[in-house]
Amino acid sequence: MYKGTNIYINKVDFEDCFSTKFTNSKDISIVELTAATFEFPNWIKALFYIRNKAVVLFGLQNDISSSGMKNLQNMHCVEGEDFGIFNVKKKTNDTIVMFAGDKHLDAIFVVERRKENNNYFVSFETIVQFNNKLGNFYFFFVKPFHKLIVYYLVNRIKTKYNNK
């Protein structure tokens, strides 16, 4: 688990981490890897569209989609920058920590990269704290889609950058 979690949330109700390894001779920044993660294909955009329509009834944030994200080419991931529903809390050369929260749940998304020679090791971690029963109820239905989407995005990062 990301070591700075307790700065942003009090308890961990859900956590997962997906990682990948690939080889690439060029220097790929943590910002580029993070931006590539949010380049959603149409099937993910469709899932977010359905989710956004449903959650309005519960008062949850309803702009999770690539249309809710700023232009990915202009993303700098500086601390304090808003990126869709996320706010960048920390950025180093190898880590970006983003936070999103509302009255129902708080979420941290951490992208970490390690480079050894031309080998990249990249991990994508999600940490969630439920703030009330509605947050827990909501996440019960979202969790399978979250796992499917993040798994897909991580594998797409490997496909996009491996041996190029």
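Helices and strands here are DSSP runs, numbered from the N terminus. Helix 3, for example, holds Y152. The model is predicted.

**Overall layout**

The chain has 3 helices and 6 strands. Along the sequence they follow the pattern β-α-α-β-β-β-β-β-α. Of the 164 residues, 46% count as buried. Among contacts with a separation of 6 or more, 62% join residues 24 or more positions apart. The chain exposes about 8,800 Å². Carbon and sulfur atoms supply 54% of that area.

**Helix 1 and the cores**

How many of the residues of helix 1 are buried? In helix 1, residues 30-37, 7 of 8 are buried. They are I30, V31, L33, T34, A35, A36 and T37. Their cover includes strand 1 (14-23), strand 3 (86-91) and strand 4 (95-101). It also includes strand 5 (105-116), strand 6 (119-130) and helix 3 (133-161).

The largest nonpolar core has 31 residues. Within it, F22, M98 and F124 touch the most other members. Strand 1, helix 1, helix 2 (42-55), strand 3, strand 4, strand 5, strand 6 and helix 3 each give two or more residues to this core. Helix 3 supplies the largest share, 6 residues. Another core, of 8 residues, lies apart from it. L105, V128, F130 and F139 are among the members of that second core.

Now take F124 by itself. Leaving aside neighbours within four places in sequence, F124 contacts D16, C17, F18, T37 and F109, among others. Its partners also include V110, V111, V150, V154 and I157.

**Along helix 3**

Y152 is partly exposed, because its relative accessible area of 30% falls between the limits of 20% and 50%. With W43 and L148, Y152 forms a nonpolar patch on the surface. Together the three have about 270 Å² of accessible area.

R156 is also in helix 3. This residue is buried, yet has no salt bridge. Why does R156 have no salt bridge with E39? The nearest side chain of opposite charge, E39, is 4.7 Å away, and a salt bridge needs the atoms within 4 Å, so the pair does not count. R156 still touches E39, along with A36, T37, F40 and P41, not counting residues up to four places away in sequence.

**Salt bridges**

Side chains of opposite charge can pair when their charged atoms come close. The structure holds 6 salt bridges. Three of them are listed here, including the N to O distance.

| Pair | Distance, N to O |
|---|---|
| K160 and E39 | 3.1 Å |
| R113 and D94 | 2.9 Å |
| R114 and E116 | 3.0 Å |

K160 sits in helix 3, and E39 in the loop between helix 1 and helix 2. The two are 121 residues apart, so this pair links distant parts of the chain. R113 lies in strand 5 and D94 in the loop between strand 3 and strand 4, so their bridge ties together parts 19 residues apart in sequence. R113 is buried, at 14% relative accessible area, whereas D94 is partly exposed, at 33%. Salt bridges with shared partners join D27, D94 and R113 into one network.

**A turn of the backbone angle**

Most residues other than glycine have a negative phi. What is the phi of N117 near? It is near 60°, a positive value in a residue other than glycine. N117 is in the loop between strand 5 and strand 6. With a relative accessible area of 71%, N117 is exposed.

Notes. Residues numbered from 1 in each chain as written. Predicted model: local features only at pLDDT ≥ 70, side-chain atom pairs only at ≥ 80, totals over all residues. Heavy atoms only, no water. Buried < 20%, exposed > 50% of the residue type's maximum accessible area, 1.4 Å probe, protein only. Helix = DSSP H or I, 4+ residues; strand = E, 2+ residues; numbered from the N terminus. Contact = heavy atoms within 4.5 Å. Core = buried A, V, L, I, M, F, W, Y, C linked by side-chain atoms within 4.5 Å. Patch = residues over 30% accessible without salt bridge, like charges linked within 9 Å, V, L, I, M, F, W, Y side chains within 5 Å. Areas by Shrake-Rupley, 256 points an atom, 1.4 Å probe, with all protein chains shown as cover. Lys, Arg positive; Asp, Glu negative; His and termini not counted.
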